Amino acid sequence: MTTIGHFIDGKRVGGDSERRGDVFDPATGRRTGQVALASAADVAGAVEAAERAARAWRDASLAKRTAVMFAFRELVNARRDRLAEVITAEHGKVLADAAGEVQRGLEVIEYACGIPSALRGGFSENVSTEVDSYSLRQPLGVVAVISPFNFPVMVPLWFVPVAVACGNAVVLKPSEKDPSAALLLAEWFTEAGLPDGVLNVVNGDKEAVDALLDHPGVKAVSFVGSTPVARYVHQRGSLAGKRVQALGGAKNHMVVLPDADLDLAADAAVNAGFGSAGERCMAISALVAVEPVADALVARIAERMGRLRTGDGRRGCDMGPLVTAAHAERVRSYVESGIAAGAVPVVDGREVTPDGDADGFWLGPTLFDHVTPEMSIYTDEIFGPVLSVVRVGSYDEAVELVNANPYGNGTAIFTNDGGAARRYQHEVEVGMIGVNVPIPVPMAYYSFGGWKASLFGDLHAHGADGVAFFTRGKVVTNRWLDPRHGGVNLGFPTQT
């Protein structure tokens, strides 16, 4: 039985704690390893290593940091298949989906390769007589990243490359459900030339999270997870004087107007509702059909669902298992709740025959029609392959429904009416919007994040917001006497 430890100060270590958690292959239900659950002492050791490394790393030139980023990018790109295999083995998503996750993470690494431009300050000459002013941004020191199970590569890469490129040292705590990918990333960063201690990984549960939130050496915390935990992380971290960005849950709506291309909309609903078994914070879980299109749209979606293969992600299936047996049972309970509340089960995923081991954590794609806003399958973030169709009579009713929801992460509108789309993107109270795009995840040079109960803190992930989060600004005002010295050097200036 494999024991998965931590990565501290440039090497894998076991840790002091005797507590362990089980790691499973979700497609077989078999336990494949155990992960060490960090104690507060383990976390303190990682933070201390990061503090030692941060002093030198913040003074490393932008040229040096950029060189490490380029080397890391090449390693991840060359080994992307290996990463995808590890994701599928521990999370369960199909290999094609895992490969897509790696690609989106690579895009953030590539953004971090351009950190010299992103950190460029401003300069004003002669703000007063012979007085100049300029601005600059400097790293915070040690920062923590707490990432979820559903994207064990992409979400850490939303934060770690930007934080490191900005000159910080990082302590990463991945999900204990699928911890192996984070350790590979840390080893490859070291291979790319990152000094020991600049990136550390501690595996663990709430004890490790609390230790990071409370440790005075941690200056900032980035978190992705459910809304209740995001709120907790934001409150506890803020009380400890830390900068916190905590990305929470979602209930993403896809609005389909009567003029939309219904075949395009049906394809998008299936892709966005059931990819990664619905375990995405950007999954579409509520489809708002503006009449009279609901009957035709539901029929198209159901027909496409009938062609999906649920099974082992290594067998070329369309959708894999859920991450744990407990989570699969929780999602099944929502299906039962929806039926009891009166929603119409057009496709019941509990009846699926998977292409995989009978002991896997299976639930097939599920489609409900005639869902109403008071039902738990509408109000709650299910985080599984359950798509609910809510019928409304007008565009205005659709917008009112979306804006009344406490979440504000992502939304999409399907229409051929440019005026309606423009009005929707202006009126809807959501942070990320797609027009005929079902999963509007921004490219890395824009920032990712929602509104309302989907975000606690004021800065989003990666892009310009990510650079701002992992740095703090200074403004320098100076006056110098006119220099009267010089020298001759005919050599070409070089970066060092």
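In the predicted model, Asp-210 counts as buried, with a relative accessibility of 12%. This aspartate nevertheless has a charged partner, since its side chain meets that of Arg-236 in a salt bridge with an N to O distance of 3.5 Å. The pair links distant parts of the chain, Asp-210 being placed in helix H8 (residues 206-214) and Arg-236 in helix H9 (residues 227-239), 26 residues apart. The arginine, at 27% relative accessibility, counts as partly exposed, because its value falls between the limits of 20% and 50% that separate buried from exposed residues.

The surroundings of Asp-210 within H8 are described by a run of buried residues, namely Ala-208, Val-209, Asp-210, Ala-211, Leu-212 and Leu-213. The cover over the buried residues of this helix includes helix H1 (40-57), strand S8 (142-146), strand S9 (169-173), S11 and H9. Helix H9 thus appears both among the elements that cover H8 and as the location of the salt-bridge partner Arg-236.

Both helices also take part in the lining of the largest pocket, whose volume is about 740 Å³. This pocket is lined by 29 residues, of which Phe-149, Phe-223, Gly-225, Ser-226 and Val-229 lie nearest its centre. Two or more lining residues are given by each of H8, strand S11 (218-224), H9 and H12, and the most are contributed by H9, with 4 residues.

Enclosed space was examined as well, and the structure holds 5 cavities of 30 Å³ or more. The largest cavity has a volume of about 110 Å³, and among the 16 residues that line it, Gly-278, Ala-283, Ser-285, Glu-381 and Phe-383 lie nearest its centre.

Charged pairs were searched for over the whole structure, which gave 34 salt bridges. Side chains of opposite charge can pair when their charged atoms come close. One pair within a single helix is formed by Arg-332 and Glu-329, whose closest N and O atoms are 3.2 Å apart; both residues lie in helix H12 (residues 325-341), with a separation of 3 residues, or about one turn of the helix. Arg-332 counts as partly exposed at 21% relative accessibility, and Glu-329 is likewise partly exposed, with a relative accessible area of 43%.

A further salt bridge joins the side chains of Asp-369 and Arg-391, with an N to O distance of 2.7 Å. Asp-369 belongs to strand S16 (residues 366-369) and Arg-391 to strand S17 (residues 386-392), so the pair ties together parts of the chain that are 22 residues apart in sequence. The aspartate is buried, with a relative accessible area of 5%, whereas Arg-391 is partly exposed at 21%. Salt bridges that share partners also form a network, in which Asp-263, Asp-267, Arg-300, Glu-303, Arg-304 and Arg-307 are joined.

Among the strand pairings, strand S6 (residues 123-128) and strand S7 (residues 131-139) run antiparallel and are joined by 3 bridges. Phe-123 has Tyr-134, in S7, as its bridge partner. The hairpin formed by S6 and S7 has 2 residues between the strands, and in this hairpin Glu-130 takes a positive phi near 60°.

Ser-454 is located in the loop between strand S21 (451-452) and strand S22 (455-456). Despite this loop position, Ser-454 counts as buried, at 1% relative accessibility. When residues up to four places away in sequence are not counted, its contacts are Ala-246, Leu-247, Gly-248, Gly-249, Ala-250, Tyr-407, Gly-408 and Asn-409. By contrast, Ala-78, in helix H2 (residues 62-78), is exposed, with a relative accessible area of 67%. The C-alpha atoms of Ala-78 and Gly-419 are separated by 44 Å, the two residues being 341 residues apart along the chain.

With regard to annotation, the unreviewed UniProt entry assigns "domain: Aldehyde dehydrogenase" to residues 17-476. Over residues 17-476 the chain is 41% helix and 22% strand, and the C-alpha atoms at the two ends are 47 Å apart.

How values were computed
Residues numbered from 1 in each chain as written. Predicted model: local features only at pLDDT ≥ 70, side-chain atom pairs only at ≥ 80, totals over all residues. Heavy atoms only, no water. Pairing = 2+ DSSP bridges. Salt bridge = Lys/Arg side-chain N within 4 Å of Asp/Glu carboxyl O. Buried < 20%, exposed > 50% of the residue type's maximum accessible area, 1.4 Å probe, protein only. UniProt positions renumbered as here; feature names shortened; annotations may be inferred. Contact = heavy atoms within 4.5 Å. 1 Å grid on protein atoms, 1.4 Å probe; cavity = no way out; pocket = protein on both sides within 12 Å on 5 of 7 lines; lining within 4 Å. Points joined across faces, edges and corners; volume = space filled by probe spheres on them.
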